[in-house]
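User: I'm new to this one and would like a close look at a single part: the place where the two chains meet. Could you walk me through it?

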Amino acid sequence: MTAFFEVKSRDGMARAGTFTVGEAVSQTPTALDVEAVYSSLAAMVHANVPLTADQVFVDEYLVQPEEEEVRIVHPLRGEAGAGGCALVANWQTMLERPRDYVATLAALREAVPPDAAWYAPAAALPSNVPFLVYTGFDLFDFVGVDLMTARGLFCTPEGEIPVAEVEEGTCRCAGCEAGDLGLHNRLALLSACATARRFVGKEQLRELVEMRCRLDANQVTALRLIDQEYTMAEAAAPAARPCRLLANAGESMERAEVKRFAARVVERYVPPRDDVAVLLPCSARKPYSTSQSHQKFVRTVDGRAHEVIITSPLGVVPRELEGVYPAGHYDVPVTGYWDREECGLLAGFLTDYLKAHPYGRVIAHLEGGALEVARTAAAACGIELQETVVAGRPTAPASLAALDEALAGERKIRSTPVAGMLAWQFDEQVETKGMQVKGKPWRRAVFKGKTILFNIDPETGLYKPTFNGWEHLHGYRVEIDDFVPRGDVLAPGVTGADPRIRAGDEVLVVGPSAMATGRAAMGAAEMVGARRGVAVKVRKVKSLQHES
Amino acid sequence: MTAFFEVKSRDGMARAGTFTVGEAVSQTPTALDVEAVYSSLAAMVHANVPLTADQVFVDEYLVQPEEEEVRIVHPLRGEAGAGGCALVANWQTMLERPRDYVATLAALREAVPPDAAWYAPAAALPSNVPFLVYTGFDLFDFVGVDLMTARGLFCTPEGEIPVAEVEEGTCRCAGCEAGDLGLHNRLALLSACATARRFVGKEQLRELVEMRCRLDANQVTALRLIDQEYTMAEAAAPAARPCRLLANAGESMERAEVKRFAARVVERYVPPRDDVAVLLPCSARKPYSTSQSHQKFVRTVDGRAHEVIITSPLGVVPRELEGVYPAGHYDVPVTGYWDREECGLLAGFLTDYLKAHPYGRVIAHLEGGALEVARTAAAACGIELQETVVAGRPTAPASLAALDEALAGERKIRSTPVAGMLAWQFDEQVETKGMQVKGKPWRRAVFKGKTILFNIDPETGLYKPTFNGWEHLHGYRVEIDDFVPRGDVLAPGVTGADPRIRAGDEVLVVGPSAMATGRAAMGAAEMVGARRGVAVKVRKVKSLQHES
Amino acid sequence: MVSMEPIKPLAAWKGKDRYEGSVLDSLTVIFKSGGCSYRRCLMCGYRFEGYFGASPEEILAQMRGQLAWVEEHFDLASVQMVKIFTSGSFLDPVEVPPAFREDVCRAFAGKVVVVETRPEYVEEEGTAAMVAALDTGAYETPLHIAVGLETTDDAIREKSIRKGFTFADFIAASRRAQAAGAGVKGYLLLKPMFLTEKEAVEDMKKSIREVTPYCGMISMNACTVQRGTELEKAWKERTYRPPYLWSILEVLADISGDVPVFCDPVGGGATRGPHNCGTCDRELVQGINDFALTGDVELVRALLDEVECGCKKEWEYVMEHERPWCMPLTR
Amino acid sequence: MVSMEPIKPLAAWKGKDRYEGSVLDSLTVIFKSGGCSYRRCLMCGYRFEGYFGASPEEILAQMRGQLAWVEEHFDLASVQMVKIFTSGSFLDPVEVPPAFREDVCRAFAGKVVVVETRPEYVEEEGTAAMVAALDTGAYETPLHIAVGLETTDDAIREKSIRKGFTFADFIAASRRAQAAGAGVKGYLLLKPMFLTEKEAVEDMKKSIREVTPYCGMISMNACTVQRGTELEKAWKERTYRPPYLWSILEVLADISGDVPVFCDPVGGGATRGPHNCGTCDRELVQGINDFALTGDVELVRALLDEVECGCKKEWEYVMEHERPWCMPLTR
């Protein structure tokens, strides 16, 4: 049967999409009877090739099913057909081997084109399907749950339990109502898939997985190892999310977005002044400057120092970046205690920052864990820290007075956030003289004179360059063939892309016949490698066609 | 209506039991229509007393429903009737205030007798009920979910979502099949209660909560704060569990059982020799000495040093204690990385240990995080560490040879684990000369001559004293009235208990007419305070009755 | 005599008020006074406003200055009604020097004047003097004494408001005022602390019925959360939720009889004021304001019956299921 | 001549074997030899056993010492059958010096002797000499040549075992042996690597059918995971699961025809050997052992049909649904 897969949205490595078989459209990720879709799979005999097989064995023995729409892929042999299904054979053997799971996944992501539906056979259970989805799988089958049925095990999101241990009334699904364990198990899997889809849709699958992994040491290990594979994780992490980043687990500190933010603050961003910095505590309210405490800080500092917020999990947030994702979009459980790992990571971020951006003076208007972090970083950098908080209360009048006094005589500089934001977002030092931020809170923009250069996305804080704005920037280009886009730019039309582009980034589409402003729907590698799907959501098109 | 509550089993602060109303027996924790049980509740008017009210207000305005079986309790006024229901009025107002939640809970646990069913009105949702159960609540109602129904919200374990965002097929419960959101929400709550019950039954509710808290910063915060309330948490933590301790989250390090194990190793335990200690790495297999690596270590050490295992999350496990819960019963995700908080806590444990038990020499046969921990602790104690692992591989022949060489000339001492175990378990230094461990792995016992003093529980590793064994011990007594127990000892018969007793501890029951060996079914405070329930599961009874 | 330099009062604004079937242009003035002598009410945000510790002469001078400011800033000729508040009781001679009453009567003679006070300060002689000073024949009852009874239920008034007087005190004061020729206006409070939504609504309905015989006008205030109050502490601790706008409609729709009931939903739609879900708040606040000028109960009933909003079911659920031992159910 | 000091062989044990309708007392000896010349089989645990690098004389002396040990430790008079293995091929002259064959024939003349070898070492002349040396008239066929064919499917044999010869090679060897008057015993391997449970069972059924014309005896070995093998690596990587005991029963129950099929479920019930769930393993292993002595297929069918265990449904599921691209489904 001919089946057709289309990615509709992304959340890190995870995708939501549709898998169409004839008339039937399934929302992915989902479980279905894949053998019914690709009947030639059932006809394969003596064709086993383990994921751990070597190149010689793979070359000799990896055979393909008759139907070309489905391809068996292997870390040593990618080949997935466009529109079809990449069958990662024997993936279920990886579930208890987290180190191999992650290493093999990384190899597969290099080898397998991004536009096929990734199918993990015999692997999915309600207890692991969020994790499988998190690692990029779109399709599952009922083999795992049916096997549990054969074993008399009752599937739940928390694991598989002997059906005898299940109290009546635990589940009131159609299967349980009918006393049909097999139906219960299949419905439980479909329900788990639906939950995963919902979280992919909200772009909060990471949060779901940080929850759902928790009863399985293998999932926890794999989650941690994936975070260590920063290149793979970062390439998939979007520029921004439409939701809060809930940093509710230790692992949240290791999210690619957190590390990327910290890396950009060190590597891309340049502070607007280098004479004096004030390190400030964060606030629950975001952006910080809307909080009562920060209004006091801003009034006290009064432009006489560069304001830099020390926060967990992001580390260092210069005032200019406080509105951009994820600086303006995270929540943490507040116990008042920063643990040693937290302090250690954050001190590392701050050390890197202070080494990359040396200031004449650094004032720590901090207390508690943040002060510890600042002291550790200052010691690592060999700089002297001036502390201005009295009795551990940064907003107390005595503390504010000490801060005011510490800043006596410093130069007042009123700078806009534009240069900092452009450096952070586009990796470029732009001459911003004459650029000004104006507009109501929900419709702010960067003007030069009367010309709008950058609209500021009120949700994400990202700058959205107009054609005029792009004239100040040189990167983040997507190159297309010789056509004028009507609507969005599709992946096949893309001939090249700045490798720094991530899903959600603002990009300038350039081709022989047209330019367009827009937002990347996929990362650079994917838009170059994919043969289908929207690459750039176009905002405005400018035709460059000459009269012929 | 007359309702009757009985606790059947415990898991930390959580309990599983039965709530009997007339003929109907409900397994708790559960949700039911509490107003239908206690009709006088609905008749209360103008009777609100917030949990934050002060003593004057409480004294003046706290009124009780007509039915005496249900009592409204308050942190400033306990009073719960035996067999009945302790209604913690307005508990739902605490859900978003984790600091007050924990402080109020601690106050309530001091004020409210343990034998009533704890009822949290209007609070339970599928997303928070595991946490409510974890904090000791037994009864819930449908007010919370019905309110969500009124709001058009669909309840899931991951939170409440607008019903419009719920894809068809997400849930196939009787409510969803009938298009009845209200029924779905109620069934979802009952199902969440059943899941919580199941984990209480397995004594793994902590693990469930470490999972299920994860999407709610308030639950995460409260969980962490409860762990900081060590006195409350430790009093409820059992001596041993029938399951593995899954240390899959950062919070697992903070479990009362982990801290208690570490505290006992420092405060109760005394090493069998003080000349030389070898610090060894842990193994995935438990007890460690059954692993291949430890068989090599044991052969190499050959009795020439005291073997002490450095492990996460427990810290320090002297060889003699390797079989006892939780040393022989924990699992962790293995990434090879010990984070700074882990290293910091463990180094603290080891520092305390080495200060309490100074050795002439300390050899660190360790690598990685464990070696870091040992170095930190050695530095804190001002002792010199001799390191014997070559190239980071403790089981490599070169490493074993170095260890062997380091121990050359040390005295061989063959000591039994008995003294160490008795000190750890019963807080007592016992003269163990002549005591020997014998028997098959699944039926080992401590003999003196032909007399069995302690049977060793093959599941938990705890020592179970016989009457002969108790003659060597002075604590862990439960005092009873003047009767001869037939079957188990019930709480009303208990007149006193060693305050160190925890649920699951081995105890000696003593009274004017009888002695009995047995295992505590509840902690000391509860067996003294409760008016119902089994206090001690009796193994053997000895009547002391004189001929009259 | 001390200076008469104009001083801005705590607040002063013009508006419209329904009075005996027609709509009058009104002026509301909140004078800063010597401060409330009682100041124990749980929800009162003005407890610490006032020239505490000042001499009667100083207070008088300050208040005269405020009156001068009012005369300077408003065209009093266009005003038919004046509503006078202090942070306590206008008729408390310690709080408001009696000489100031005369100034006020002089300034506002010929208009309908409403002054607010606790009942213990209403005495017949002084009231009669004010009536006489105000009366130009323009209105049958030129003076109305407004008293914050809040509820006719003495137990609720004591527990939830800590008001310190009884309904009987109010009735007695009402009789004294009427004997002096003044009208009486009763202030009632919808949803003080410690009441469920339904208890609050029922208390209000009952209070309106019970107070009617003793009042010419009734003003229902929906409780709002003011800074620095006990109520604010409760609200922050999530043990208090202001009333739903639906509850205001429910009360107003229940009105029968001849005494006019007013309701100005101050802070309506804000989280600290009476509010619904945020979607329907504007429309309902507007309707309640319209009612204040028209007294059209049918309008209120139409809003209650016909406005469709998701939060109405929530309100209905809360009305039915909130209990003293599980409240508030919502925020 | 070198020393004849007795040396313990790799293993030697007594047992019972069914042979032509009756049960013989048998002796099994595994001699340490010069070592397998081929040693590429994926599941073989003996690949590195042997006196590698020793001279033929040394090998001969060592093996004679082992034979002396056997003669010293067993009452050979009570033994009717001797089964001889090396870590390779008994008939490989490099591995086992031909002179040792003569010693063996002398020692075991008058008994039924089975020697294992790869097919390329079976040649008619030498075999006939051994037959002659063993023959005392006690048994019609005193010598049986056992060959590890493993499967009749050349593709499976190459991919899954890497055995390095073909079914045709086996047939040819079989013909040579028979021409020399020896019997032929075929070893078949149930579930080598890379086969699903069902592929393995079907391959075994087919192999038994196909090999029958060329064998007097068939021995089915259920695959076990031996240390240091490629198979062990796969097993640890969870890409290999040994066969279910149910699968052994399934194959045995399918037997028809006259050639006796034996199966000794070595390691049965262990995770490294053929196993079920742990609950029913003992009973089934016992049944399979009983079958080896009785050849009673009905017994096997009864076990397969009548033993109730939770894992039978699992096995049935695995048989039906395991695929080359999702295997193994269980551990």
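Analyst: Start at the rotation axis: within chain A, the residue that gets closest to it is A:Cys173, with its C-alpha at 2.0 Å. This is a predicted model, where local features need pLDDT of at least 70 and side-chain atom pairs count only at pLDDT 80 or more, while totals for chains, interfaces and linings use all residues. Residues are numbered from 1 along each chain as its sequence is written, chains are lettered from A in the order in which they are written, and side-chain values use heavy atoms, leaving out hydrogens and water.

A turn of 180 degrees with a shift of 0.0 Å along the axis lays chain A on chain B with an RMSD of 0.0 Å (a least-squares fit on C-alpha atoms of residues with pLDDT of at least 70 in both). The two copies are thus related as by a two-fold rotation axis.

Now the meeting surface itself. 48 residues of chain A touch 48 of chain B, contact being heavy atoms within 4.5 Å. The copies meet through the same surface, because 100% of chain A's interface residues are also interface residues in chain B.

Seven salt bridges link chain A and chain B (a side-chain nitrogen of Lys or Arg within 4 Å of a carboxyl oxygen of Asp or Glu). One of them pairs A:Glu158 with B:Arg212, whose closest N and O atoms are 2.6 Å apart. On chain A's side, helix 7 gives the most, with seven residues (helices are DSSP runs of H or I, at least four residues, numbered from the N terminus).

Methods:
Helix = DSSP H or I, 4+ residues; strand = E, 2+ residues; numbered from the N terminus.
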